[in-house]
Each structure stands twice: as C-alpha cells, then as structure tokens.
Amino acid sequence: MPSSSPRSPWSAFLQLLRRLRGKLAAKIIFSQRLNRWVYPTPEPDVEPTQNERYREFNRSYFAQFYEQEKMLADKPRMDFYYAAIARHIKPGDRVIDLGTGTGILAAFASRRGASKVYAIDHSVVLEHAKTLAAHNRIENVEFVSTHSKDLRLDAPVDVILHEQMGDYLFDEDMVTNITDLRDRLLKPGGLILPSRFELFCEPVKVRDTRFVPHMWDLNVHGIDYSCMDRERPQDPHYYHIPAADLGYIDYLLSNASPVLTLDLGTLKSATDLPTELRFTRTITRAGRLDGYVVYFRALVDDDLSLNSSPLDADRATNWGYRILRTDRDHLAEGDVIDITLTISHWPDVDTWRWKHVKALHPEPVTTR
Ligand SMILES: C[S@@+](CC[C@H](N)C(=O)[O-])C[C@H]1O[C@@H](n2cnc3c(N)ncnc32)[C@H](O)[C@@H]1O
C-alpha cells in the first residue's frame, strides 16, 4: 500500500489552483483586459508605422473573395474600365495594372493587344488571378507579387491602369501609389487610366425616417439629453456615417459642384494636395442640414466617367459614400454657407475636420 503523507496547506492550495485552472483559463481568454494582464503581448521592437498598418489591412481586406466579387459585380464600374481600355490601350502597349486583384483589368488589356502587362498585387488574391488567366487563356501577362513601391522594371511602360479609389477617394493611398509609379516607370507622355478625379462634399438632408440625431439633440418622451453636449465623443469615427443605400439620402440642399479636381498626370506629388478647402454653397432647397455627403467622379474622357454619387441611379454600386456629420442646422432657401474642410493627411479620414458658418443675408435692396 502506498503510504499517504499528510498534505501541506501549500500543496493543497496548488492542487486547488490546478483544478480551477481550466475554468480560470476560459475566463481569462474571454476577458480581454485580464488576458492582456496575464499574457502580455511582447512589445515589438519597432512599432509599425501608420502606412505599414494600412498596407497590412489592405492586403488582407482584398484577399477576401467577397470584396473582389462586389467590385466585379458592379456593372457601371466594369463597363467604365472596359470602355476606357478599349479606347485607350493600343496593340503593342506595355502596361502596368497596379492592384490587379483577380486580374480583370489586365485581362481586358491583354485582349486589347497589349504586348506585355505587369499585373501586380500585394495580396494573396494574385494566386487566383493566375488561375483565372490560365483558365481564360490570357496571354502576355506577368503576375508580380509585390507592393507597387517595390516594383522594378527594365523599361518604362506606356500605360498605368489602376483602380485605387476608396469611398473617400483618397483613402486607399491612390495619389502616393500612382505618382510613385508614374515618376519611376511611366514613359514621358504615357497614360494613367483613370487620371482625372473630382471630389464632392455637399450639404445633405437625410430621410427623416432614417435620421439619427446627435445624442445631445434628443428628447425622448420628455427625457432631455442636452447635457450630453458636454460629453461629445472625441473619436473621429463618430462623426462619419458610412452609407451605401440610396434610400438614406433625402436630398442635397444646394447644387453639387466639385470641391477639388485633380489630374494624376500633372499633380507633382501627394504633398501638393491642398490641406484646406474653402467653398460656399447657396441653399436651393430649404431643410435640415445633417452633414456633408462625400463622393467622387473619375473621368477618362468627357463622355466616359464613373461616379459614386448617392443621387445617381447609374452610380457605381460597390462604393459606399460618407456623411460628415454636422451640428443641427436649418437652412432657408437663399442662405449661403461658407464651408471649410481641413485635412492633414488625405488618406487618413480621421484627420479630416469641417465646419461651416452662415454668411449674412444680403440686405434686401429697396427702391423708392
Ligand atoms: C480596389 S482593388 C481593384 C482590383 C482590380 N484591379 C479590379 O479592378 O477589380 C485594389 C487592389 O489593389 C491591391 N493593392 C492596393 N494597393 C496596392 C499597392 N500599392 N501595390 C500592390 N497592390 C495594391 C489590393 O490588394 C487590391 O487587390
């Protein structure tokens, strides 16, 4: 018979801990704060920069089938690119397709007679692009798994093809990526498809049934929330409403016109974008101002463009649009508002700030 020695209080305590371990582990894993405290993640030697973090996000985002499917199913988008390539890529052209995704634009260019297409992507989606190209007998395409800034070629190309537009136009780092490739790898006089863009930022009223006021503007069955004004969130995300469906917008309060136009063929670099835009709007339809709706238009020719306007039935469907929320304001027909948009870093929408002031009504002219 094994002899059983009396257990010390310490070993009894350890045994109890061991029994509780399973339960504790589950609790620790589910409680994020506890988890971080018990299993601290070793600090990386060097913090990733904002650019590196964005690239990592972009790579995994576009690796998802659904993200690629949405773009391919967007008929206005695909028709726009198909027509642009048919019009502007000539047999024999050498082309870079920056961010080829499933390789669709490279395939269009190849079918158009390009002598060589460098189809580059930093995401694993490139493996699917290779399968698709083989399946469709697409020729003259070289797939390169790289970020554009690391692409090196022996000779410059005639055309840079791309679709680098984010919902806020700039948030996929389009300007930096394209101007870098242009300066290093595009022939003088070469073409960027698309290269011309217009950004819109228009005063908007949201449909009453969909409108969500700021908390400090609420009064719910006599419970007044105005004191919440002192506790406005600091998180910039709170002031951006992402939307995609057309039923959300009621109407624009004024006539739309671009607040910024740019041409990637001539813009020197991303640092040449303005850091402040000031523009005025004359109210043509009275109503509650809920914010500014941000959308864009890409132009290849005067009769060939693509737009993400929420008020256009022919809009490209895979882009959402954004509403930059404002404090509640009611505007009358004829009111003029001065709007200022300041941006320290265009691709980072958290750095966008906006405000408006009402211009004084001009004195009515009286005649004797
Ligand atoms: C909006 S998708 C467009 C995909 C495809 N061109 C199309 O039209 O369906 C952008 C693609 O570019 C890739 N991408 C974004 N920035 C890139 C960069 N700087 N270098 C290489 N690939 C990039 C993403 O991984 C993604 O697959």
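## Helix α3, the ligand shell and strand β16

At 1.5 Å a residue, helix α3 (residues 50-61), with its 12 residues, should span 16 Å, and its end C-alpha atoms do lie 16 Å apart, in agreement. The expected span is 1.5 Å times one less than the number of residues; helices (H or I, at least four residues) and strands (E, at least two) are DSSP runs numbered from the N terminus. The model is predicted: local features need pLDDT of at least 70, side-chain atom pairs count only at pLDDT 80 or more, and totals for chains, interfaces and linings use all residues. Residues are numbered from 1 along each chain as its sequence is written.

Of the 12 residues of α3, 0 are buried, so the helix lies largely in the open. A residue is buried if 20 or more other C-beta atoms lie within 10 Å of its own, exposed if 12 or fewer, and partly exposed in between, with C-beta atoms placed from the backbone.

The ligand has 18 residues around it, of which F62, G99, G101, S123 and S148 come nearest. Two or more residues of this shell come from each of α3, α6 (104-111) and β2 (116-121).

In strand β16 (residues 336-343), I337, I339, L341 and I343 point to one face and are buried, whereas V336, D338, T340 and T342 point to the other and are not. Two strands pair if DSSP finds at least two bridges between them. The pairings of β16 are set out below.

| Partner of β16 | Sense | Bridges | Residues opposite |
|---|---|---|---|
| β12 (residues 276-282) | antiparallel | 7 bridges | E276 and T342 |
| β17 (residues 352-359) | antiparallel | 8 bridges | K358 and I337 |

Note on methods:
A residue is near a molecule or strand if its C-beta atom, placed from the backbone, lies within 6 Å of it.
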